[in-house]
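Me: I should like a close look at one part of the structure shown below. Please treat it in a single connected answer.

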Amino acid sequence: MHVTYSPEGIYLGAIGLWLDPRRSQPAAWLSHAHFDHARGSHGTAIGTPDTLEIYALRAGEAAVAHTRMQPLPYGESIECNGARLTSLPAAHILGAAQLLVEHGNERLVYTGDIKLRPPLCGAITRVEPCHHLIMECTFGLPIFHFLSKEEATARIVRFARECFDEGDTPAFLGYALGRGQEIAHVLASHGIATTIHGAISRYFPWYQRAGYGFGDWRPYQRDEAAVTGDTPRAMVTVPSFRATLQASTRRIRIAYVSGWASMDNARARTGAEELIPYSDHGGFHELLDLVQQSGVTKVDAVHGFTDTFARILAQRGVDAHAPSAFGERGSDEEAAD
Amino acid sequence: MDLFAATCERLAATSSRNSKIRILADYLRPLADDDLTRAVRFFSGSPLAATDHRQLSVGHSTLREAVMQVTGWDKDIIRVCHRTVGDTGETLAALLHGFARGEDLSLAAAEEHYLALQRTRKTAHKVAHLVECFTRYRPSTLKYFIKVITRGMRIGLQEKMVVDAVASATGADTDAVRAANHRAGNLAQVALAARAGTLESISARLFHPMDFMLARPLDSLFDLGDPALWAIEDKYDGIRAQLHLQAGEIRIYTRGLEDATPSYPDLSGKLWLGLPDCILDGELMAWKDGRALHFNVLQQRLARKRPSARLITDIPVVFMAYDLLYLRDDMVLHLPLEARRAALEAITQQKGYPLLLSPRHEARSLDDVEQLFRDARDRGNEGLVLKRRGSPYEMGKRSGTWYKLKRPLATLDVVITAAEQGHGKRATVLSDYTFAVREGDRFLNVGKAYSGLTDAEIRELTRLLRALVTERFSRVLLVKPEIVLEVAFDGIQKSPRHKSGYAMRFPRIVRWRRDKTATDIDTLDRVREIYEHSLGGMKPGAAAPEE
């Protein structure tokens, strides 16, 4: 099936379907609810129920007033202009999915954002055999290796407890949708009370509905420093909140939980002392494994270190390309994590 | 080395200086003597003992080649990775992830590898040795194994912290450890002596650069207190340098603690035979016909690592000495300024050109200081350095016992209200100007300046001013306020000398503002504002630095 790459997004012309388009389109598949994948006011939006509900919340009522929402839970299929679309679980954030497109004899999979390791919250990736793979490679360089969910859990809990032992307040930086809930859930499941930034707690209902608890938490307050007599709490907040944290009179120690935290230069960028290299994207070897397990011969690399990753795949005999409209390295690092 | 690497990671993860020293000390304390010296050396990015002057000769391309052989990644891929990460050790270690067998690496074994790399001559053999290392040890350890080779830990660690940690780990007195380190320039040796309680026996050694004492900028002249407490020298516009002299041989070290000796063959050779061993602090300056050449001229010498004979003849360099750190067989830092100066004078008298002695001046009043500043500027020097009498030499410190007077506090546009004939070659022209700021339609004097204009400008101004004369008092001509100057100064103080009630300190003319008239000049309010600001220790917003 012919795939068109343009600044507007990825387009499957034969069946009139856009994949995570960058502006409003008649029909769009939304792989997950991050802004760089789910935006605009589409005629029809297809995605998992969690993805569509969170997309509607983020886009605002007015933007999606005329959008026909077509929920496609994991494992279910629909017909679309002569092709069969199937939603497959993708380990990334809650509700993230891959799309399998069966058209004639061809099987095409669009990964959206994905990793192979089991996530702290959300579904485990199912790798589907296919001919043509459109895959992300945010961390498509051989320097990126991430912690497993067990290792990440241990690091998060250990840092929080070390801080409490020394009378300091731990603050975890993670982006608002996905990482923030994962950290909050991990802390809660180890009996650690939390203060949560509103940009993160906003999505708690979907995670709770999926069975993830958040224990003893309360919202972050503007006059947080004045709160007394409270139990020690770990803060979970977004990276942009760093300046506020650093201006605080409290002794706050910052941990940054991200794929980018695998590089020491993340300290200078985030002000964090503790770097916990845990990502919702695949590390380099996971991406290679994904290609191998899907048995694919043709790969289009989108999002991230596309040129380099495509070159590495090509050296291994895969027909791999990096469409120029999706140039090397995404422009928005935070959104890409 | 594994624990060393883990310690480095912990150091990187804390920004507090005290925590870093505590982490370091906790790591160093239980180490056996051999490992203590190795660890201290590795922290400063030295794979081999300081006494070993041979190079490891392992550069970035050798390291990269070994990683390419281990991982199979090509140069372009490694380049993209390096650009993303920004550090060689970190990048290569991340690439080695999954390729190593994960053996333990001791500090002793790491040192053996460094020695083997140094002994091997051929690059291909060095690469082969690195390949062996890269497939054996943990990437988290290799990260720092490589950083020691590239001599940059990038974990926010300063040698001073390691010095303080050595003191903490051994229970020795911090000042004693610092002093011993200055004498020996070899912290590994000092660490052992600190542990053995034999710091006193560490003798001073030459031919390793030592930290320079630095001068603080003088914010307000009043910080000086009594001017008679200070010895005053010109501040030179040269290259700060340390000259080490031992048995007739010299080494020159610059502020970056680099050995710059080969750049100055005119200062080395047999010139120095007969002088006692010593370390001099001073300034390298281009010098001809008894005076300093402009810094731009000296820069032509700096550009050359090995200057040609022609360049050396055209731009001869002298060493203008102003302090003494070491004499015969001991450091003399603790001796008072006067004692160091007396010993320095004896050395420079014995030697002479190209070793010069920085002239020392006396001042009894702030006016004297002001005159000395003007004289220094007239000699083409930057300003003054004031050194507190009786003070010791404080290595690596910018303490309050050395001040520099250099930059102006601000500039003001003023109008000339009176002019006076100069002296010497300026006896026939009006070269000294009294100037004023505006208060409504009145002009109130705030200072008087001499230097800053070219001879041609002074001649032209003389003609113009003579046409503006309104009254004559002996040598002083009062003129109609029409000619505007921009003047820089280092301070403003209250003064009954001028009608404005203020006086500028060290005013000098920056330029003649032909584009401005008397209505455009600064006001008394502006002068007041600068004065108030300077009291608060803050620079006024409009302050225009000279440079």
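How many residues of chain A are in contact with how many residues of chain B? Please describe this interface closely, and then set beside it the contact between the two domains of chain A.

Reply: The model is a predicted one. Between the two chains, 20 residues of chain A are in contact with 18 residues of chain B. The area buried between chain A and chain B amounts to about 1,600 Å², and carbon and sulfur atoms give 57% of that area.

The polar side of this interface can be described pair by pair. Two salt bridges are counted between chain A and chain B. A salt bridge joins A:Asp264 to B:Lys143, with 2.9 Å between the closest N and O atoms. Eight residue pairs are in polar contact across the interface of chain A and chain B, both residues of each pair being at pLDDT 80 or more.

As for secondary structure, the elements that give two or more residues to the side of chain A touching chain B are helix H7 (265-270) and helix H9 (306-315) of chain A. The largest share of that side comes from H9(A), which supplies four residues. By class, the residues on the side of chain A that touches chain B divide into eight nonpolar, five polar and seven charged.

Within chain A there is a further interface, between domains. The domain assignment gives domain 1 of chain A as 4-144 + 280-326 and domain 2 of chain A as 149-276. Taken over C-alpha atoms, the centres of domain 1 and domain 2 of chain A are separated by 29 Å. Here 20 residues of domain 1 of chain A are in contact with 20 residues of domain 2 of chain A. The two domains of chain A bury about 2,000 Å² between them, with 64% of this area on carbon and sulfur atoms. A:Leu94, A:Leu120 and A:Cys121 supply 32% of the area that domain 1 of chain A buries against domain 2 of chain A, more than any other three residues.

Charged and polar pairs also occur across the domain interface of chain A. Three salt bridges are found between domain 1 and domain 2 of chain A. A:Glu53 forms a salt bridge with A:Arg209, the closest N and O atoms lying 2.9 Å apart. The count of residue pairs in polar contact between domain 1 and domain 2 of chain A is 11, with both residues at pLDDT 80 or more. On the side of domain 1 of chain A that touches domain 2 of chain A, there are 12 nonpolar, four polar and four charged residues.

Note on methods: Residues are numbered from 1 along each chain as its sequence is written. Chains are lettered from A and ligands numbered from 1 in the order in which they are written. This is a predicted model: local features need pLDDT of at least 70, side-chain atom pairs count only at pLDDT 80 or more; totals for chains, interfaces and linings use all residues. Side-chain values use heavy atoms; hydrogens and water are left out. Contact means heavy atoms within 4.5 Å. Buried area is the accessible area (1.4 Å probe) that two parts lose on being put together, summed over both. A salt bridge is a side-chain nitrogen of Lys or Arg within 4 Å of a carboxyl oxygen of Asp or Glu. A polar contact is a pair of N or O atoms within 3.5 Å; within protein, one must be able to donate a hydrogen and the other to accept it, and residues adjacent in sequence count only if both atoms are side-chain atoms. Ala, Val, Leu, Ile, Met, Phe, Trp, Tyr, Cys and Pro count as nonpolar, Asp, Glu, Lys and Arg as charged, and the others, Gly among them, as polar. Domain bounds come from an automatic or database domain assignment.
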